[in-house]
Structures are given as C-alpha cells and as structure tokens.
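Student: I have just opened a new structure and would like some help in reading it. Could we go through it together?

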Amino acid sequence: MAAIDWTVNGQRRRTDVAAGAMLLDVLRDELKLTGAKPGCGEGACGACTVLLDGRAVKACVTPALSARNKTVVTIEGLARGEELHPLQQAFLDVEAYQCGYCTPGMILGAAALLEREPAPGEARVRQALEGHICRCGTYPRIVEAVRRAALEMRRG
Ligand code: FES
Ligand code: FES
C-alpha cells in the first residue's frame, strides 16, 4: 500500500493504493465513483476513460500510482454544479446513446478533444473517438452531439 495525494473531481484527497492497482479499480471500489465503466479491461474499448491532467486515459490500464499529485476528472465531476457540461447536454439533446454504457467514456474522450481542438470536423471527431466502442452503434448521433457541444462551447 502507498498513499497518494491527488485531486479528484476538484477535491484534494489522500488515498491508499495497493501496489499494482489500476486507476479504474481505485475510482470505483475505493472512491465509489462508478461512472467510469469496466469493459474490456485491456485498453481497447474506452468505457473506462477518465481525464488525467486533462488527457483522456483508459483507467483500466493506467496504474493508480501514476495519478499521484495529478488531477483526475470522472463523469461525476464534469458538470458545474447543477449545470451540465455542454457535452452532457448535447448527448441528452440528440439522444446519443442507447444503453449508455459507453457514454461516460465517450463524453470524457470528447471533452479532452474539445479542450485542444474547439472546432473539430466530423472526420476528426470520429478519429479522436476511435478507441471508444459503442456496442449499440450510436456513432452518428455521438458525432453529432460532439459537434453540437463544440459549437455551444465556442459561443461561450
Ligand atoms: S475497460 Fe478500459 S478500455 Fe475497455
Ligand atoms: S450506447 Fe450502448 S454501448 Fe454505446
């Protein structure tokens, strides 16, 4: 066990982490943040995606110890109080989901993209979300939601 200091969804924390523990397990099991979903467990589906210092990472293959002194955002921490993040709102507005299992990871992957590229075209959104699998096949609406949110965010 080792204690790490980190910031999770805006809160400074100290958390005991087992050697070899993955970030996904610590978030879900220790912090009870279950928005990041377990899927393939090998970095191939994107269901477990969270932001680590603003970058989208697959939490199932990211050692928890690597989050020491860093900032993690999960889907639970994306909204600003009562106000949904524009991506969350856009996913709702265009119903960019069916079962919703891939949705938290998709949204955080898109959030990392829009942080760096405020006006991605359709092809770029598809490319950026390539590592995210939606078994329900809602890709066209996901892309539409991301582009709608990008427009909303540019309008401020
Ligand atoms: S569960 Fe992490 S990428 Fe699939
Ligand atoms: S909405 Fe079901 S996996 Fe994407």
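Student: Which domains does the domain assignment of the protein give?

Tutor: Before we start, keep in mind that this is a predicted model. The assignment splits the protein into domain 1, residues 2–77, and domain 2, residues 86–155. Taken over C-alpha atoms, the centres of domain 1 and domain 2 are 21 Å apart.

Student: How many residues does each domain bring to the contact?

Tutor: Domain 1 supplies 14 residues and domain 2 supplies 13 residues. A good next step is to look at one side and see where its residues come from. On the side of domain 1 that touches domain 2, the elements giving two or more residues are strand S3 (49–52) and strand S4 (55–58). S3 gives the most, with three residues. By kind, the residues on this side of domain 1 are eight nonpolar, four polar and two charged.

Student: Let us turn to the strands. In what order do they lie in the sheet?

Tutor: With a sheet, follow the neighbours across it and then find the edges. Here five strands make an open sheet, ordered S2-S1-S5-S3-S4, and the pairing is mixed. The edge strands are S2 (11–17) and S4, each of which pairs on one side only. Direction ignored, neighbouring strands in this sheet are turned by 40° against each other on average.

Student: In which sense do S1 and S2 pair?

Tutor: Strand S1, residues 2–8, pairs with S2 in the antiparallel sense, over seven bridges. For one pair to find on your screen, take Ala 3, whose bridge partner in S2 is Asp 16. Then look at the turn: the hairpin of S1 and S2 has two residues between the strands, and Asn 9 takes a positive phi near 50° there.

Student: How many bridges join S3 to S4?

Tutor: Four bridges join them, and S3 and S4 run antiparallel. Thr 49 has Lys 58 as its bridge partner in S4. The hairpin of S3 and S4 has two residues between the strands, and in this hairpin Asp 53 has a positive phi near 50°.

Student: And which residue of S5 is the bridge partner of Leu 51?

Tutor: That partner is Val 73. Strand S5 covers residues 71–73, and two bridges join S3 to S5, which run antiparallel.

Student: Now the helices. At what angle do the axes of H2 and H3 cross?

Tutor: To read a helix pair, look at the distance, the angle and the hand. The axes of helix H2 (residues 86–93) and helix H3 (residues 103–116) come within 10 Å and cross at roughly 130°. The two helices are therefore oblique to each other. Their crossing is right-handed.

Student: Which residues make that contact?

Tutor: From H2 come Leu 87, Gln 88 and Phe 91, while H3 brings Thr 103, Ile 107, Ala 110 and Ala 111. The residues of this contact divide into five nonpolar, two polar and no charged.

Student: Which strands of the sheet does H3 touch?

Tutor: H3 packs on the sheet and touches S3 and S4. The direction of H3 makes about 35° with that of S3. Try picking out S3 once more: this strand is joined to S4 by four bridges and to S5 by two.

Methods:
Residues are numbered from 1 along each chain as its sequence is written. Chains are lettered from A and ligands numbered from 1 in the order in which they are written. This is a predicted model: local features need pLDDT of at least 70, side-chain atom pairs count only at pLDDT 80 or more; totals for chains, interfaces and linings use all residues. Domain bounds come from an automatic or database domain assignment. Two residues are in contact if their C-beta atoms, placed from the backbone, lie within 7 Å. Ala, Val, Leu, Ile, Met, Phe, Trp, Tyr, Cys and Pro count as nonpolar, Asp, Glu, Lys and Arg as charged, and the others, Gly among them, as polar. Axes are lines fitted to C-alpha atoms, for helices over the stretch in contact, and angles run from 0 to 180 degrees between N-to-C directions. Angles under 35 degrees count as roughly parallel, over 145 as roughly antiparallel, 65 to 115 as roughly perpendicular and the rest as oblique. A crossing is left-handed if the near helix is turned anticlockwise from the far one by less than a right angle, and right-handed if clockwise. Two strands pair if DSSP finds at least two bridges between them.
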